[in-house]
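Hi,

As promised, I'm handing this structure over to you. Have a look at it first, and then read on for what turned up.

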Amino acid sequence: MADAGTGKAPRGAPPAGGGSMDGLLATKEIVVACGPGGVGKTTTAAAAAVMAAIRHGSKVLVLTVDPAKRLANALGLDGIGNTEHRVPDEAFRSAGVKPRGQLWAAMLDTKESWDALIAHHAPDDQTRDEILANPLYQNIAGRFVQSHDYIAMERLYEIHSASDYDLIVVDTPPTRNALDFLDAPQRMADFFSSRLLRWLIVPYRSRLVNVATKPFYQIADRILGTEFLADISEFFILFQSMYAGFVERSDAVGRLLSDRRTTFVVVSTLEAVPLREAEFFAEQLTNRRLHLGAIVLNKVLPDYLRGAAGASVAESMKERAEEFAAQLSPTLTLVDPVLGDIDQIARVLTEVADGYLNFQVVALREMEERSSLSVVPDVLATVPFFETDIFDLAGLIRLGEQIWD
Ligand SMILES: Nc1ncnc2c1ncn2[C@@H]1O[C@H](COP(=O)(O)OP(=O)(O)O)[C@@H](O)[C@H]1O
Ligand SMILES: [Mg+2]
């Protein structure tokens with residue numbers, strides 16, 4: 001953090017960006033990992049939670065959205081839906097560490113979460129059962145007004161208020177627009193106080209007698225079936241009893257995001273397109289007075305690629321490929337006579353050297369991108385591109401160590 005004492009940047013000066021994830025996670029209760037798709041949000045969220053459980057000795061939950069199958073397996077999340085589940089110490093032992101705290105994990109099940117939300121808001125058991133059994137509800141619960149975005153934040157709220165985690169790290173859904181889930185609580189509140197909805201809940205029968213709308217309903221009846229219209233009507237009438245609760249709840253969820261205990265970690269790669277998107281997102285967070293805790297630059301090419309020494313070797317390998325090939329040929333022939341072909345060896349050397357030089361260009365461009373970052377979070381972390389996917393605790397710890405100090 002820019003100023004470890006107060007957690008605030010000195011007045012007038014931009015934050016130094018010199019803070020650590022260790023410090024950030026020690027002072028926050030909710031961390032929202034967000035950013036463009038495919039950059040490593042889910043992995044980073046899991047790695048941050050793992051580290052906090054190991055190092056801080058706290059009770060940590062990672063709420064994942066779309067973990068890759070093998071990662072879900074590693075966290076013991078296979079087919080368990082919304083249930084929070086403790087990652088056994090045994091799993092940590094296999095990775096060679098002994099956590100001081102506890103790591104819990106849960107996956108976001110949209111349908112299950114909606115059902116729970118209905119149960120929470122329904123005025124009585126009968127209304128609850130009727131809504132849950134309503135075919136329209138069943139059909140749209142998974143798709144309802146960007147329900148995925150909203151429900152992720154809603155679940156976060158629910159867990160935060162109902163349980164005793166010291167830290168909750170929440171992964172975000174792959175949205176078309178990273179801002180969608182920030183707007184989701186407001187959109188939900190707007191929807192439940194909208195005129196469209198009021199109109200929809202004017203009882204079906206009384207709408208039928210309205211001369212102006214009659215032709216519409218006659219056609220709709222024929223196309224969709226009376227059954228469907230009745231379902232719609234019934235659904236919204238049942239829902240009516242829950243509007244106030246929904247609006248209040250959406251407001252509370254929105255407030256939680258801007259709470260001082262909540263911080264956002266924006267994950268990106270250093271490729272131009274995702275980075276611009278991440279930067280825009282980080283700016284939006286700041287504009288909305290949400291806390292931009294960290295930017296994690298993931299899958300970054302290693303430092304050595306930018307060094308002059310490697311480039312000199314590659315240049316010389318290209319220029320003197322024939323000569324080096326002739327020197328290598330006898331050794332390779334000893335391994336297998338077909339490997340001794342001087343022309344082939346020279347070609348391979350040239351290609352390898354070219355490949356190296358191309359990577360160097362990308363690595364240099366990445367650093368330019370990095371230094372052109374216009375937003376300065378408390379923590380700026382860089383994670384190398386590992387040679388394999390990250391699918392187990394050991395991998396998460398490896399990544400976590402990169403972002404920690
Ligand atoms: N630093 C890294 N090095 C190598 N592979 C990575 C790295 N970070 C993430 N990955 C891999 O990239 C893929 C996408 O990561 P994921 O966390 O699911 O992205 P997102 O949630 O942003 O869509 C996964 O297969 C993951 O193992
Ligand atoms: Mg993901």
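To start with the chain as a whole: what percentage of its 405 residues count as buried? The figure is 46%. Please keep in mind that this is a predicted model. If you want to find your way around, the chain has 19 helices and eight strands. Among the contacts in the chain with a separation of 6 or more, 78% are between residues 24 or more positions apart.

**The magnesium site**

A good place to begin is the magnesium ion, ligand 2. Its protein donors are the OG1 atom of Thr42 and an OD atom of Asp66, at 2.1 to 2.4 Å from the ion. Thr42 belongs to helix H2 (residues 41–56), while Asp66 sits in the loop between strand S2 (59–64) and helix H3 (69–74), so the two donors tie together parts of the chain that are 24 residues apart in sequence. Are these two donors buried or exposed? Thr42 counts as buried, because its relative accessibility is 12%, and Asp66 counts as partly exposed, because its value is 38%.

**A pocket and a cavity**

Helix H2 comes up again in the second largest pocket, where about 500 Å³ of space lies. Of the 25 residues lining this pocket, Gly38, Gly40, Thr43, Lys299 and Asp389 are the closest to its centre. Two or more lining residues come from each of H2, H3 and strand S7 (292–300), and H2 gives the most, with three. By class, the lining has eleven nonpolar, eight polar and six charged residues.

Lys299 deserves a second look. Its place is in strand S7, and its phi is near 55°, a positive value in a residue other than glycine. With a relative accessibility of 31%, Lys299 counts as partly exposed. Arg289 also has a positive phi, near 60°, and is likewise not a glycine. You'll find Arg289 in the loop between helix H15 (272–287) and S7, and Arg289 is exposed, because its relative accessible area is 75%.

As for enclosed space, how many cavities of 30 Å³ or more does the structure hold? There is one, and about 40 Å³ of space lies in the largest cavity. The residues lining the largest cavity are Met21, Leu25, Val31, Ala33, Thr44, Ala45, Ala48, Val169 and Val265. Helix H1 (21–27), strand S1 (30–34) and H2 are the elements that each give two or more of these residues. The largest share, three residues, comes from H2. Eight of the lining residues are nonpolar, one is polar and none is charged.

**The nonpolar cores**

In soluble globular proteins, nonpolar side chains tend to be buried together. Here, the largest nonpolar core has 57 residues, and Leu182, Phe239, Phe264 and Val266 have the most contacts inside it. Apart from that core lies another one of 44 residues, including Ile54, Val60, Phe92 and Ile390. Back in the largest core, what does Phe239 touch, leaving aside its neighbours within four places in sequence? Phe239 is in contact with Ile118, Ile131, Phe192 and Phe246.

Phe246 is also one of the residues that His121 touches; with residues up to four places away in sequence not counted, the others are Met242, Gly245 and Arg249. His121 is in helix H5 (residues 110–121) and counts as buried, because its relative accessibility is 12%.

**One more residue to visit**

Finally, try Lys59, which lies in strand S2. Which residues is Lys59 in contact with, leaving aside its neighbours within four places in sequence? They are Gln102, Trp104, Asp164, Tyr165, Asp166 and Leu167. The C-alpha atom of Lys59 is also 9.9 Å from that of Arg86, a residue 27 places away along the chain.

If you'd like a short route through the model, begin at Thr42 and Asp66 with the magnesium ion, go on to Lys299 in strand S7, and end at Phe239 in the largest nonpolar core.

Best wishes

Conventions. Residues numbered from 1 in each chain as written. Chains lettered and ligands numbered in written order. Predicted model: local features only at pLDDT ≥ 70, side-chain atom pairs only at ≥ 80, totals over all residues. Heavy atoms only, no water. Donors = N, O, S within 2.8 Å, 3.2 Å for Na, K, Ca; no water. Helix = DSSP H or I, 4+ residues; strand = E, 2+ residues; numbered from the N terminus. Buried < 20%, exposed > 50% of the residue type's maximum accessible area, 1.4 Å probe, protein only. 1 Å grid on protein atoms, 1.4 Å probe; cavity = no way out; pocket = protein on both sides within 12 Å on 5 of 7 lines; lining within 4 Å. Points joined across faces, edges and corners; volume = space filled by probe spheres on them. Nonpolar A, V, L, I, M, F, W, Y, C, P; charged D, E, K, R; others polar. Contact = heavy atoms within 4.5 Å. Core = buried A, V, L, I, M, F, W, Y, C linked by side-chain atoms within 4.5 Å.
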